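Here are my notes after going through the model you sent over. Have it open alongside, since the points below go place by place.

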Amino acid sequence: MTRTNNDSQTRAGRRSLASQLSDRVRSYLATEAGSAGLLLVAVVVALVWANSPWSASYTTLWSTELSVSLGNAELSMDLSHWVSDGLMTLFFFVVGLEVRYEISVGALSGRERIMLPALAGIGGMVVPTAIYLLMAPEGEAEGGWGAVIGTDTAFMLGALALVGPRFATQLRVFLLAMTVIDDIVAVSVIGLVYSETIHLVPLLVGLALCAALAMLTRLGVWRSAPYVLLVTGLWLTTLEAGLHASIAGMIGGFLIPAHPPVPEFLDRAARLFRAFRQSPRADVGLSARLGLQRAVSVNERLQLMLHPWASYVVVPLFALASAGIDLRGGVLGRALSSWLTWAVVVGLVVGKLVGIWGGAHLGTRLGLGQLPKGVGLGHVVGGAALSGIGFTVSLLIIGLAFDDPALRAQATVGVLISVVLATALGWLAFRLAAALRGETDADLPRFLDRPVDPEVDHIAGPVDAPLTLVEYGDFECPYCARATGVIHELRQRFGDRLRYVFRHLPLTDVHPHAMLAARAAVAADEQGRFWDMHDMLFAHQDKLEFEDIAAYAIELGLDIERFLEAIDSERTAERVRADMASAEASGALATPTFFVGNRRHVGPYDAETLARELEASAADHSS
């Protein structure tokens with residue numbers, strides 16, 4: 001079962017300190033809190049500027065015309081519209097990419113996964129809209145109901161990082177899934193309700209470009225340039241058609257395919273990379289780079305490239321251009337006494353809280369779905385409260401819904417107030433959930449539930465080795481099969497310092513032969529041949545029928561009658577179920593999941609990354 005001088009030192013010290021500070025700044029900006037912080041700075045700058053002695057320069061800047069011409073064709077808008085109709089298209093394009101990814105391979109990739117976030121998202125739009133329409137004055141103000149349907153995902157996640165539980169991964173996943181539904185409806189409302197007169201010919205051209213995007217997917221085009229060119233054309237035709245450009249971004253992103261890595265392309269990329277290491281020529285390097293690109297979907301590559309620009313450039317610029325409301329001359333006082341302002345505030349802060357929590361609670365009571373493991377209803381209340389941060393979508397709709405500057409100012413003040421109140425209400429909800437319901441972390445368990453037991457576990461290496469790596473795996477999982485090479489490299493690197501433990505987590509909903517393979521490995525273990533069967537099963541993942549497994553047992557020289565009896569025995573089934581229960585209790589939901597020591601590893605599981613984690617665990621123990 002077991003298998004100099006002072007000046008140079010000063011300069012070096014200064015460089016080291018500067019490097020540490022820059023690393024900390026980059027690390028902070030890479031978090032949701034960093035993105036929300038940058039957005040908040042843009043809002044403050046816009047408000048201070050618009051209410052300063054230089055406020056005229058703020059208005060003049062954003063009303064400056066900018067034209068782009070090619071021959072007789074010309075596109076001319078003021079800077080404010082270049083931001084809202086141009087750059088914000090990039091933002092919604094990234095949103096569309098994320099929506100497609102989540103529906104294809106992410107948090108919304110199955111009916112059971114989509115029902116609860118969908119109910120919560122729908123509730124979080126219906127209830128705020130109803131509250132707004134009940135409270136808003138009659139006339140033009142009623143047309144601003146769209147301002148309370150959206151949630152600013154970046155701002156919400158930043159607030160969650162600041163006021164939410166210390167570990168909130170699972171809650172974050174649920175909220176992201178919910179905002180996907182929110183984004184789809186919000187962009188549809190912007191594009192259809194708040195658009196100008198529709199022109200038929202450009203609209204038909206845009207539909208043809210959508211069909212061309214879908215055709216690229218069907219043809220398996222993997223380079224990003226054709227998609228980007230068609231989406232750019234879609235943006236231009238949408239502007240000409242009179243629709244708001246946000247709908248071009250959302251639809252364009254949604255039509256770009258997302259899929260898991262294709263095994264044959266992964267293998268080809270690995271071969272090309274090895275060839276480049278052996279022959280580091282420019283042409284070989286180019287082939288390796290293209291091979292790596294092809295192994296990853298166009299959707300994910302574009303997300304990786306564009307997401308930082310959308311989060312750290314586009315949205316802050318939009319905030320700078322939209323949040324600068326001149327509150328002098330009694331404007332703030334009139335806004336605070338306006339029913340429109342408070343319709344926005346109550347719709348976002350109260351409506352989102354009631355609607356999202358109510359939708360999630362109703363869905364769980366009716367058995368339509370379950371909250372992610374580790375997430376309680378108290379966490380949902382806190383997340384629902386933070387969803388009242390509408391900001392980006394709210395400001396965009398306010399700019400489209402109101403021609404009257406006074407109404408626009410009142411609604412914008414309502415949005416800004418709702419940011420403060422929703423964040424405070426979220427903080428209070430999370431604290432009450434922890435105090436009254438014991439709901440602290442909204443995350444999966446992070447530590448190995450059942451300690452490694454040499455009498456039970458499958459162990460390769462010395463049972464008393466100082467380093468431990470535990471894997472929950474599935475014999476039909478292609479990623480687990482590739483991880484065997486990583487394990488081999490780590491065992492060679494660490495030698496007798498490492499014990500590797502394999503535990504069973506057959507994902508029977510996607511791998512129909514995984515349970516039989518797990519039982520076969522346990523049955524082989526009774527004859528002392530677990531690791532031989534382990535290697536055999538991973539080497540023949542595409543042939544795991546009962547007769548195939550029996551043939552492997554014969555090939556390994558096992559007592560076939562004893563082996564077949566063990567496969568069908570209750571003790572074997574119980575052994576696999578024990579590992580599966582341990583996986584659930586330890587927070588392992590997918591395969592492969594690794595534990596370094598007794599702590600669940602999150603992130604890449606290549607050999608170098610796992611080696612660093614193992615070395616770090618050794619250092620922690622020694623200290």
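1. Start with Glu-526 and Arg-571, whose side chains meet in a salt bridge, with N to O at 2.8 Å. This is a predicted model, so read the distances here and below as properties of a prediction. Glu-526 sits in the loop between helix H20 (514-525) and helix H21 (530-539), while Arg-571 belongs to helix H24 (residues 570-586), so this contact ties together parts that are 45 residues apart in sequence. Buried or exposed, where does Glu-526 fall? In between: Glu-526 is partly exposed, at a relative accessible area of 30%. Arg-571 is partly exposed too, at 44%.

2. Stay on H24 for a second pair. Glu-574 and Arg-577 form a salt bridge, and their closest N and O atoms are 3.1 Å apart. The two residues are 3 apart in helix H24, which puts about one helical turn between them. Glu-574 is partly exposed at 42% relative accessibility, and Arg-577 is also partly exposed, with a relative accessible area of 37%.

3. There is another salt bridge within the helix, between Asp-579 and Arg-575, where the closest N and O atoms lie 2.9 Å apart. Here the spacing is 4 residues in helix H24, again about one helical turn. What about burial? Asp-579 is buried, with a relative accessible area of 0%. Arg-575 has 13% relative accessibility and counts as buried because the cut-off is under 20%. Which residues does the wider network take in? Salt bridges with shared partners link Arg-575 and Asp-579 with Arg-450, Asp-457 and Arg-503 in one network. If you want the overall tally, the model has 13 salt bridges.

4. Just past H24, check the backbone at Pro-592. The peptide bond running from Thr-591 to Pro-592 is cis, with omega near -10°. Pro-592 is in the loop between H24 and strand E6 (593-596). As background, most peptide bonds are trans. I'd flag this one in the figure legend.

5. The other backbone item is Phe-391. This residue has a positive phi of about 35° although it is not a glycine. Why mention that? Because most residues other than glycine have a negative phi. Phe-391 is placed in helix H17 (residues 391-401). Its side of the story on accessibility is short: Phe-391 is buried, at 1% relative accessible area.

6. Now to the surface. Which residues make the nonpolar patch of about 260 Å²? They are Ile-103, Ile-184, Val-185 and Phe-254. Val-185 lies in helix H7 (residues 169-192) and is partly exposed, with 32% relative accessibility. For a sense of scale, the C-alpha atoms of Val-185 and Ala-619 are separated by 51 Å, and these two residues are 434 apart along the chain.

7. H7, the helix that holds Val-185, also packs against another helix. As a reminder, two packed helices are described by the angle between their axes and the distance between the axes. Helix H4 (residues 79-104) and H7 pack at an angle of about 135°, and their axes are 10 Å apart. H4 and H7 are therefore oblique to each other. Their crossing is left-handed.

8. H4 has a further packing partner in helix H13 (residues 298-322): the axes of H4 and H13 come within 9 Å and cross at roughly 140°. That makes H4 oblique to H13, because an angle has to be over 145 degrees to count as roughly antiparallel. The crossing of H4 past H13 is left-handed.

9. Last, compare that with H11 and H12. How do these two helices pack? Helix H11 (residues 263-278) and helix H12 (residues 282-295) pack at about 160°, with their axes 8 Å apart. H11 and H12 are therefore roughly antiparallel to each other. The crossing of H11 and H12 is left-handed.

Technical notes. Residues are numbered from 1 along each chain as its sequence is written. This is a predicted model: local features need pLDDT of at least 70, side-chain atom pairs count only at pLDDT 80 or more; totals for chains, interfaces and linings use all residues. Side-chain values use heavy atoms; hydrogens and water are left out. A salt bridge is a side-chain nitrogen of Lys or Arg within 4 Å of a carboxyl oxygen of Asp or Glu. Buried means under 20% relative accessible area, exposed over 50%, partly exposed in between (1.4 Å probe, protein chains only). Patches are made of residues with over 30% relative accessible area and no salt bridge: like charges are joined within 9 Å, nonpolar side chains (Val, Leu, Ile, Met, Phe, Trp, Tyr) within 5 Å. Accessible areas come from the Shrake-Rupley method with a 1.4 Å probe; for residues, only the protein chains shown count as cover. Axes are lines fitted to C-alpha atoms, for helices over the stretch in contact, and angles run from 0 to 180 degrees between N-to-C directions. Angles under 35 degrees count as roughly parallel, over 145 as roughly antiparallel, 65 to 115 as roughly perpendicular and the rest as oblique. A crossing is left-handed if the near helix is turned anticlockwise from the far one by less than a right angle, and right-handed if clockwise.
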